Every structure is written in structure tokens, then in C-alpha cells.
Amino acid sequence: MYKIMSRETLVPNNHLFKIEAPAVARKACAGQFVVIMIDDKGERIPLTIADWDREEGSITIVFMEVGVTTRKLAQLKTGDSIANFIGPLGEPSHIEKFGTVVCVGGGVGVAPIFPIARALKEAGNKIISIIGTRSKDLLFWEDRVREVSDSLTVTTDDGSYGRKALVTEPLKELLEGAEKIDRVVAIGPAIMMKFCAKTTEPFAVPTTVSLNPIMVDGTGMCGCCRVEVGGETKFTCVDGPEFDGHLVDWDLLFARQRIYIDEEKHAMECACGEVASHG
Amino acid sequence: MAKVDLNRVSMPKQEPEVRAGNFNEVALGYNAEQALYEANRCIQCPKKLCVGGCPVDVDIPDFINAIREGDMPEAVRILKGKNSLPGICGRVCPQETQCEEVCSLGKKGAPIAVGRLERYVADWELAQGQMEKPQIAKATGKRVAVIGSGPAGLTAAADLAKIGHQVTLFEALHVAGGVLMYGIPEFRLPKHIVQTEVDYVKSLGVDLRLDFVVGKTVTIDEILKDSYNAVFMGTGAGLPMFLNIPGENFNGIYSANEFLTRTNLMKAYLFPEYDTPIKRGRRVMVVGGGNVAMDSARCALRLGADEVYIVYRRSEVELPARREEVENAQEEGIIFKFLTNPKRFIGDDQGWVVGAECYEMELGEPDDSGRRRPITKEGSEFMLDVDTVVIALGTTPNPLVPTTTKGLDVTKRGTVVADEKEGKTTKPGVWAGGDVVTGAATVISAMGAGKRAAASIDEYLGQQGG
């Protein structure tokens, strides 16, 4: 069992959990993920690592309530435990001194972009960050990202905070600007990553994205998370999760993310029914 | 002496039309009377060829004799003296090509049903509600790490613990058992049987660490540095093979590993009581002809499919699956399409598979495997309408451990190089056995490898001194 050392609701529907997992914390690197299972009837779901503390033996995850598992997870309290916590999985982010790197985080993707920006900063890069959400009330970790960035632009879709824009607009302006951009890292909803990659493609700036398909084991055993990159089939869990955004078959990713949409709906209805009958 | 009955006692089974609708065990097991009758058929021949046919050298005539004498505790003791997982082996070992193949009775009639008697003994012990613990030797003070809790790892761990070594068993998944849990379905190997035998191995003092992905959470080099004297790798062959043909990533196309893991390990057949979903296809096509293909097809049927096809590129005689499993599948209504091979998959505009374009095949000269090579008949393409596809072509070892271990040689096929007799790898202090060395094979051959490696590790630790 893995104890929840602390928890916090960052913004509505987005929660931060600090989990006691010393073996995972010892090895965790930016860009990697964990697979969790709440109880013995639970589903195995992947969550990107948002931070870690090797001394304390903790891993921080940030997740959005989207399905049955994340909803159940959100109901747990400090001191509760989850049954399984496996990691660190996947390849760490490629960290080296590239020069100037633009880090783009969208929605809950702001959490995993943070340790990558920090590692790139520590490697001597100039970090220009862009983080965006639908509206002000969904924005978190602006301060943390700012701390590891040389400059930061915040966007909201509705203009309730920062600049009223999608993240791709300031990204495009940077690419068109005088400063040479050596690399872009984008993490967020698949659609956002796709458009970030589309934005950088004409400028031929290498663009890393972190893909989030459905997984089961997370260790290369099942192939549920297969994606096509440059025409080749890859397993996101062991070959990724980070790939060259210009080579990803985005439509395939979108389609495969929707495989269980009917089942998820059914499960949510059942779960809600349970709550209603107990309440 | 009465004349020996040349026919074996048949195994009581659930009727095909009933079992096709549930996940309960198909074979029901002998009752006491049936077991005694079958045991009495054994002529107790002095040659004991059956023992030589068993990869773990079970003293087969002796445990059968104990059944005859009504001394069941003694039957358990004899069986478990060599085999820590009798409930599993009694169900899934291919006895027909091992102990039973060489049985003296087989020359005149049906060989003794060794597997069914083995299962009877294991189930008898389980029904008693408590397990007898064998004597464990005095602690040697030596520590051994066993990686992977499938059949090879469980056997090595049990044998090493019995002789007094301190064993830690690392497992990447959230439960122990490896392929016995994620691969083989409930209706062929009930999961409580696996967990009972895992508990038995734990009762010998083996420390089981779940959720530990060796190669990620910890590496073999770190384990060796961390005061372990030796390592046994029983990491299996967990990487699924695909056909590498167009359309293979459409929704609804699964590797057998994923299909079986969702169904068995995650219990998707009980969704939404269990949280893991699976697509319940109406027209399912399984590609391949091994036991895993049979298991996948029979799971698809139980998940509610109207029609399930097994598409195999050779003919019926070349099917690598156990005869018994092929018969079970046929009885349940699985449709076999032999000499057929998919060319490409067709999808709809939402990315879901709707059909498979297939070639007819014919058989040519024998290939390296000794089986006749399947050859594509040009221009023979035809369409099969399907909404779910399961690719069961076999598996190769997961590279996670080999690629993170310095000095461990692997072959071109990705298997770890280890000598067949003892399981020594090219890295000092590291042994390997089971599918990770041989490529996908059987439960019992993996157990045999685990057993031989344990003996070799024990010898090595003895030489190291206190």
C-alpha cells in the first residue's frame, strides 16, 4: 500500500497528491510516469510524474478528474492509501544544453512541464515558458513555472487572466521573432500538442511532445499504447512517452484515446448510481 | 492380478453449451472414486519412464501408489518434494508430450492420466484447508534475488528458500504469478489456485515485492551491489509480436497479451464491478494457432461474441496448441480457418476495424522448424467481416532487464544467453531460465529451468563460503 502523505485541490477538478513511494522517488526523472491502481478491483492508469523528493521518499502527481478511476482517486484523503504505485516508467526527458527552449504547458499538462523546464534550466538552457488554460480559475503552478523560467507567458481561452489566446499564438510569435529557438517541449491535451507541433513544423524547430494514450501494464507487455511515429509503430510506455511531435500520427492517437468512451460512460453512470443509492 | 483397463477415466467437464457462457473452470477434476480407479491402472513398472519424462523429476509412480493406498498426505509430500506448484501443473502441463507420452501403458492403451491425478492430489490438499510446510534447512545467510514471479521464478524461489537461502522475489505487476495470472484464463486455471500456490511459496520464507519493475525501479547491477549474492532472472517472454501489416493499429485490434491481461488479470469480464473495460466484439478473429490463440478465442466467446474465428496460416496438423485445447475450442463452437493469413485490416472513418482482407495459403517444403512452410496463393484474397481482432503470434522477451544490465548477452531474437543445463548467463552471479532464455514455451519447462538454476546457484553459494 502507498500512503497519501498530503493532498490538495489545485483548481476545480485538478488535484495534487504526494504519495509515499521511496523506491520510485529514488529513480524518478523528469518526463517519466507511474502506473497506479486504487484497489484490487481498480484499473491501472498512467499518470505523469509532476515532482519528487528523494529524501522524503515521495512522488507528486497532479491529475484531472476525467473518469471513474480519477474520480475515485479524488475522493481519497491524506493518510489514505492506494493499492499499487509502479514506476518510474518510460524514458526520461532528453536533457542537455540546447540553447533556448520554449516549454509549453496546457491545462493539467502544466504539472509535468514543470520538472522538465527545471531540468532544462539546470542544464544551462534559457527557458521561455508558455502556460495556458481555458480560464483563470483552472490555472495553477504559475509561480513554480515562473521560478524555473527566464520568461513566462500565461494565456487563457476566455481572457479572464493573462493573454486571451491559445498557447500556439505566443509560440508562433516567438518562432517568428528575432531570437533563435532551439527546441520546443509541449505537454497538454493531445489536440494542443498537435497544434503546437503544427505551429513549429514550418520553422523546423525540433518539438518534443509527451503522449498520453490508454495503457494497461506500462512496461511494454500489452501494446495497448501503440502509436505511430514516422510511420513506425511504437509503444508509448517503453519507447516514449516523449516523441518527435512532427512525426506523430495524431489522428491515430485521437482515435485510440476514444476506444473505451462508451464503457467509460457506462461505468460513470454505474458509479454515480452507487453514490445516489448510498447517499 | 486383475486385467488392466486400457482406457483412462475420462475427465468430468462442464458441457460445451453451458461453459461457453461462463468463466468457471471447464475441467471439474476427478472425485475420489475416479482417482482411485485411475491410480489403480498404474502397473508400477520398474522402468519409471514417466519420471524421466518430467522436467522436474516428480516421483510419479510413488505419488500414484500413495493415492492407491489412501495415504493422501503422503501423496502430497511426494509430489511437493519436487514440484511446488502441483495444482497449476496438474492443469496446464502438456503431459501428453512428457510423462504420459512415455508411460508403459501407452504402448497398449491409454497412458495413466498423470496430470489429472496430480491435480486431484493438489485439490485434495487445498480442500483440507491447511498446507503442510516442508522442512526448511538452516539459514545459510546468503541472499538471492529472483526476478519475475512466473513459473520459473516461483520454482527457483521455492527451491532456494527450502535449502535455507534468503530469497526476495521481485514482480513488476500488482500480483504474483506472471503468465499464470495475466495469460492463462480462469476457465483453464482458476486464479485462486495460482494464489494458493504463490502463498505456499511465500510460506517458505520468500519475501515477495510487488510493483517492482526491475530495469526501472531498480537494476540488476544495483541488486548485486545491494548485498545480494546471486540473481535469477525469470522475466518471461512478455513482449507481444504483431503482424506488421497495414491497419494493425485500428481500434478493436488487440495483442493477445492485452486481450488476456484485460480479461484475466484485470477481470474485465466482470466490468463494471471491476474498473477495467474490454470491447465485447460480436465477430472476433484470432490470428495464430497456439494455446494463447485458443485461450483468446475462448475468452472472446465467453465475453459474448456471436462468431469467433481462429485464423491460422498452416493446416490443422501443424497447430502448436495442445490437442485437448483445440478440442475444447471446437466443442465450444470456435470456427477454424486453416491455411489463411491476413493481408491487411480495413477500418471505418472513426478508426475502428471492420474487416480483414486475407490470403489463402498452401503448404510447401518443410522450413527450419520442420513444419511445412506456408506459401501465399496470389490472387486468393477474400474479406472477413470482423469487429475485433486478437493477434496471438507469440511473444519475445521484454528488453527492459537485458538492456539495463551490463555484461548480459542476448541473442538476435532477444533471448538471454544462458547455458541450458544450469542457466548461467554471461554475467557472473546472474542466472536465467524459462521463456526469457528459450522464447515462449511451457509452464513446466520454465519450472524445470528454475529448478536447475536453483541447484546451480546453491552450488555457487556453497563455494563462496560463509
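What follows is a chat between a visitor and a guide about a predicted model with chains A and B.

Visitor: How do you know which features to trust, and what is left out?

Guide: This is a predicted model, so local features need pLDDT of at least 70 and side-chain atom pairs count only at pLDDT 80 or more, while totals for chains, interfaces and linings use all residues. Residues are numbered from 1 along each chain as its sequence is written, chains are lettered from A and ligands numbered from 1 in the order in which they are written, and side-chain values use heavy atoms, without hydrogens and water.

Visitor: What makes a stretch of chain B a helix or a strand, and how many of each are there?

Guide: Helices are DSSP runs of H or I with at least four residues, strands are runs of E with at least two, and both are numbered from the N terminus. By that count chain B has 16 helices and 16 strands.

Visitor: Why is chain B called as compact as a globular protein of its length?

Guide: Take the radius of gyration over C-alpha atoms and set it against the globule rule, 2.2 Å times the number of residues to the power 0.38. For 466 residues the rule gives 23 Å, and chain B comes out at 23 Å, so the label fits. Its C-alpha atoms fill a box of roughly 65 × 65 × 50 Å along the principal axes.

Visitor: And what about chain A, with its 279 residues?

Guide: A compact globule of that length would have a radius of gyration near 19 Å; chain A has 18 Å, which agrees. The box here is roughly 60 × 40 × 40 Å, again for C-alpha atoms along the principal axes. Chain A holds nine helices and 16 strands.

Visitor: What makes a residue "buried", and how much of each chain is?

Guide: Buried means under 20% relative accessible area, exposed means over 50%, and partly exposed is in between, using a 1.4 Å probe and protein chains only. In chain B, 59% of the 466 residues pass as buried; in chain A, 57% of the 279 do.

Visitor: Why is helix 12 of chain B called mostly covered?

Guide: Helix 12 spans residues 256-265, and 10 of its 10 residues are buried, so by the under 20% cut-off the name holds. Among them are Glu258(B), Phe259(B), Arg262(B) and Leu265(B). After helix 12 comes Lys267(B), with a positive phi near 55°.

Visitor: How do you know that strands 11 and 12 of chain B pair?

Guide: Two strands pair if DSSP finds at least two bridges between them. Strand 11 (residues 353-366) and strand 12 (residues 372-376) of chain B have four, in the antiparallel sense, so they qualify. Leu363(B) stands opposite Pro374(B) of strand 12. Their hairpin has five residues between the strands, and Gly370(B) takes a positive phi near 90° there.

Visitor: What makes the seven-strand sheet of chain A "open" at its edges?

Guide: The order is 6-1-2-5-4-3-7, with antiparallel pairing. Strand 6 (81-82) and strand 7 (84-89) each have a single partner strand, so one side of each is left without a neighbour in the sheet. Inside that order, strand 4 (residues 45-53) and strand 5 (residues 58-64) of chain A pair over four bridges, with Ile49(A) opposite Ile61(A).

Visitor: What share of the contacts spans a long stretch of sequence?

Guide: Contact means heavy atoms within 4.5 Å. In chain B, among contacts between residues at least 6 apart, 69% join residues at least 24 apart. For chain A, residues 24 or more positions apart account for 65% of the contacts with a separation of 6 or more.
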